[in-house]
Amino acid sequence: MSTTTTIIAMRWSITWGTIKHSSWQMVGAIVSLLMAIGICLASWQTALTLGGWLPGAGPSDRRRMGTVLILLLVGLTLGVILIQLIFLGQGSILSPSRFVLYGIPDGQLQLGLYLAGLTGPAGLTGLVCFLALTAIYARMGVGAAIMALVAALLAVMVMLALSRAVLDLVGTLMVARRTRSGLYLLVTMVIMVLCMLPSLLSSEIMNGMAVDADSMKSVADLLAWTPLGAAVRLPEDLLAGSWWALAGRLCMELATLTLCFMIGMLCLRHDRLHTGASAERSTASKGLGMLGRSRNAVDAMTARLLIYLRQDSRKLSIYPLLLVLMVLYAIIFRQMPMLIWLGPVLGALILEIPEGNALAYDGLALRMEIAAGVKGREDRLSRVRSHLIVAMPCMFLLGLVTLALSGAMKGGRDLVISLDLLAATIGLLLSGLGVAQIFSALLIYPVPSMDLPFTSPQGRAVAQGFLPMLQLLASLVIMLPTILVALPTMTKGGILPLWLPVPVALANGLIVLAAGIVLGSRIFDRRQSAILLTLDRYDSLQS
Amino acid sequence: MSDEARSASMTVQTAVAPPPDPQAAVSIRALVKCYQGRPAVNALSLDIPRGSFYGIVGPNGAGKTTTLNMVTGLLAPDSGKVMILGRDVWSDVDTAKRIIGVMPQGDQIFDRLTGLQLLVYSGMLRRMPREEALSRARDLLEAFDLTDAAGKRICDYSSGMAKKICLATAMIHSPRLLVLDEPFESVDPVSSANLKDILVEYVDTGGTVVISSHVMALVERMCTHVAIINHGLVRADGTVAQVAAGEDLEDRFLDLVGGRHQARRIAWLNGSGSEEDQETE
């Protein structure tokens with residue numbers, strides 16, 4: 001058996017072994033398989049419909065179809081690259097580093113890994129899907145049909161080659177932890193914006209911003225001369241008899257494949273020459289930093305949490321989300337500006353989610369504090385302080401920006417209601433933090449490691465979906481006194497003074513926070529051994 | 001393993017133990033910890049004299065780490081008593097934790113702090129004033145040859161350096177009892193010799209060191225006393241000479257723990273069939 005077929009066989013053995021490992025994996029695999037079949041059938045059906053329409057379509061309609069297909073292919077390729085970046089460092093079974101001990105020549109290894117990717121579940125689905133789409137050209141002559149098949153094959157191959165090359169380059173060049181954290185933050189931001197695009201596009205605010213078809217065609221024409229979109233134009237070039245364009249695009253696709261292959265080879269060589277070299281250059285820190293201002297254990301723990309927050313992209317990524325949320329609501333509710341306050345209110349709740357699982361973020365290092373005899377009260381106080389030092393100014397700033405955007409600065413009733421909502425936001429932040437102090441000592445679920453923030457530890461999916469929801473629900477329910485006062489007050493014609501929700505919300509938040517600290521401290525003290533055992537168990541899921 | 005030993009390991013021992021010895025650095029009586037009904041530590045009793053360099057050895061899964069976790073207040077026992085320097089650990093666990101030094105493993109420290117920050121942090125967690133902790137941290141960094149790396153984050157340290165900083169965090173509050181798990185693993189010979197000197201000097205001042213290790217030669221060379229643990233029970237304890245009973249300590253360990261068997265000869269493990277052979281043919 002050649003090296004290439006061995007790697008492909010190994011890839012499927014591991015995939016099959018993982019599926020067999022648990023019934024949940026089996027269910028997941030069956031659902032994925034059904035989805036893949038569905039996607040392929042949908043592609044086939046779309047291709048048959050378009051294939052029936054194409055022979056009778058005019059040149060402008062054909063151009064429009066070409067534009068849409070190019071944009072879809074480019075979007076899909078960029079999406080695939082983005083997904084690869086998200087899972088960077090997850091230790092994929094197709095990582096070259098796993099084969100360094102076996103003395104496989106670089107060329108064979110690259111080819112084997114590439115073909116194993118192409119014949120993997122995702123690669124095969126893409127290949128079948130793209131081949132199904134070639135039915136579009138089934139009635140346009142044998143030449144066009146054959147060229148469509150070649151184009152489909154090239155499109156999938158280039159997509160995979162580009163994503164592998166980007167992954168190789170990032171993996172080789174971005175070895176420093178700080179650079180990786182920065183990349184994770186950047187990718188998170190891009191994903192957040194992409195996730196919110198459907199809401200933006202479906203809202204009425206996009207009226208007047210309708211995309212101009214001609215400009216899209218120009219963009220598509222340009223993209224058709226890049227490796228990302230060239231494959232789509234190949235059958236059209238053949239039908240139009242544009243032989244130079246056809247040859248040029250074919251050469252570009254082949255050159256891209258060769259270039260990506262060479263990038264992989266260069267990265268392998270670079271890794272071999274630099275493995276073990278220290279990636280981090282900074283040794284600048286001289287003093288104690290924030291610890292230098294500590295006077296007691298609680299101060300020191302607060303400082304430690306702040307030093308960690310600065311380096312922890314798992315928690316830091318929530319802060320840009322607040323900004324994205326506010327911008328989104330500012331756009332969506334342009335016609336009803338007071339509803340922009342939904343942004344800060346929702347932001348205050350979201351900020352508390354990591355605090356509700358704070359001990360898992362510390363991981364096994366928490367053992368050091370417990371071994372030193374730290375009391376639950378000290379631990380809870382330091383977490384509350386460190387969180388409020390950062391979150392409170394952020395929420396105030398967000399509140400002030402929202403105040404300005406909502407147009408309430410002019411004064412009158414809207415200003416007082418805005419102040420009520422600002423107080424409710426702060427109250428929610430405090431009560432959410434109080435609830436988090438109880439949750440974090442009681443219900444711990446696995447989180448990804450600090451070095452690989454995008455990895456998904458086993459057993460996290462269900463817990464990570466359910467427990468934060470429970471936490472958010474508790475944070476909302478416990479603010480019921482504020483809601484009961486605010487609703488009748490803000491309704492026109494209410495008998496209560498309009499400013500009343502301000503003190504009620506703040507008092508509500510502070511009382512819940514105090515109760516959360518007291519209860520959370522007791523639970524922490526009582527469950528120290530159980531917490532350590534849980535963290536020990538989850539640590540094995542992080543690797 | 002004999003049937004008798006297997007049966008002993010599966011059922012919790014219920015023998016009545018004498019009261020703990022307050023004069024010992026560590027006195028353990030009838031300590032029990034079960035996981036899912038199976039005893040990991042099975043009525044274990046042991047006395048560790050003050051001023052001794054005590055080695056705890058045993059095969060993987062013998063119950064060493066579970067025992068040490070219960071001794072250091074990190075894991076509540078199901079039953080039994082532990083006394084450290086005359087104090088009952090589980091009646092005032094926080095005080096007990098502050099009078100001992102436990103060396104954490106590399107993944108049990110806040111490795112995004114710099115070496116200096118971690119040491120000061122460790123001191124302040126134990127109620128030391130910052131200036132005092134800072135002064136001691138600098139002394140420790142110097143003693144462990146880490147002064148140049150004081151401002152570097154620990155996650156950027158080599159494994160040997162990380163080991164040294166872990167040991168330093170356990171010593172900053174000058175405890176009279178040090179509990180160390182595999183302290184010399186992945187430490188280079190020069191650093192290892194320096195570490196040993198520091199520990200020997202510490203024992204000379206009356207401190208007690210308890211180390212858990214798999215390296216029998218190290219235990220034989222460094223420790224004054226040793227306990228061999230298997231299936232959650234002490235199989236032998238005393239001075240190294242008493243436990244070795246005239247044999248090499250490693251042979252004695254294998255006798256007590258069992259499990260060694262005649263190596264099966266692998267016929268092809270002689271280079272035949274290698275690429276070189278094929279080329280010759």
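## Helices and hidden spaces

In this predicted model, the lining of the largest cavity receives at least two residues from each of α11 (297–311), α12 (313–316), α13 (318–332), α15 (358–362) and α17 (376–405) of chain A.

Reader: Which helix gives the most to the lining of the largest cavity?

Author: Good place to start! Several helices of chain A supply at least two residues each, α17 (376–405) among them. The top contribution is five residues, and the helix that makes it is α11(A).

Reader: Which residues lie nearest the centre of the largest cavity?

Author: The lining is made up of 18 residues. By class, these are nine nonpolar, two polar and seven charged. Nearest the centre are L305(A), L309(A), K315(A), E355(A) and H387(A).

Reader: How much space lies in the largest cavity?

Author: Let's first see how many cavities there are: the structure holds four of 30 Å³ or more. The second largest has about 80 Å³ of space. For the largest cavity, the value is about 210 Å³.

Reader: Which helix gives the largest share of the lining of the second largest cavity?

Author: Look at both chains here, as the lining includes R367(A), M368(A) and A371(A) as well as L74(B), V102(B) and R126(B). By class, the lining has six nonpolar, three polar and two charged residues. The largest share is three residues, and it comes from residues 366–371 of chain A, that is, helix α16.

Reader: Are α6(A) and α10(A) roughly parallel or roughly antiparallel to each other?

Author: Helix α6 (residues 142–173) of chain A packs with helix α10 (residues 243–274) of chain A at an angle of about 30 degrees, and their axes are 9 Å apart. Angles under 35 degrees count as roughly parallel. The two helices, α6(A) and α10(A), are therefore roughly parallel.

Reader: How many residues of the contact of α6(A) with α10(A) are nonpolar?

Author: The helices meet in a left-handed crossing. Among the residues in contact are L154(A) and A161(A) of α6(A), together with L257(A) and I263(A) of α10(A). Four residues of this contact are polar and three charged, while the number of nonpolar ones is 16.

Reader: What about α18(A) and α21(A): are they roughly parallel or roughly perpendicular to each other?

Author: You can use the angle again: helix α18 (residues 413–442) and helix α21 (residues 501–526), both of chain A, pack at about 10 degrees, with axes 7 Å apart. Their contact has 21 nonpolar, seven polar and one charged residues. With the cut-off for this class at under 35 degrees, α18(A) and α21(A) are therefore roughly parallel.

Note on methods. Residues are numbered from 1 along each chain as its sequence is written. Chains are lettered from A and ligands numbered from 1 in the order in which they are written. This is a predicted model: local features need pLDDT of at least 70, side-chain atom pairs count only at pLDDT 80 or more; totals for chains, interfaces and linings use all residues. Side-chain values use heavy atoms; hydrogens and water are left out. Axes are lines fitted to C-alpha atoms, for helices over the stretch in contact, and angles run from 0 to 180 degrees between N-to-C directions. Helices (H or I, at least four residues) and strands (E, at least two) are DSSP runs, numbered from the N terminus. Angles under 35 degrees count as roughly parallel, over 145 as roughly antiparallel, 65 to 115 as roughly perpendicular and the rest as oblique. A crossing is left-handed if the near helix is turned anticlockwise from the far one by less than a right angle, and right-handed if clockwise. Contact means heavy atoms within 4.5 Å. Ala, Val, Leu, Ile, Met, Phe, Trp, Tyr, Cys and Pro count as nonpolar, Asp, Glu, Lys and Arg as charged, and the others, Gly among them, as polar. On a 1 Å grid over the protein atoms alone, a cavity is a set of points where a 1.4 Å probe fits but cannot get out, and a pocket is an open set with protein on both sides within 12 Å along at least five of seven lines; lining residues have an atom within 4 Å of a point. Grid points are joined across faces, edges and corners, and a volume is the space filled by probe spheres set on the points.
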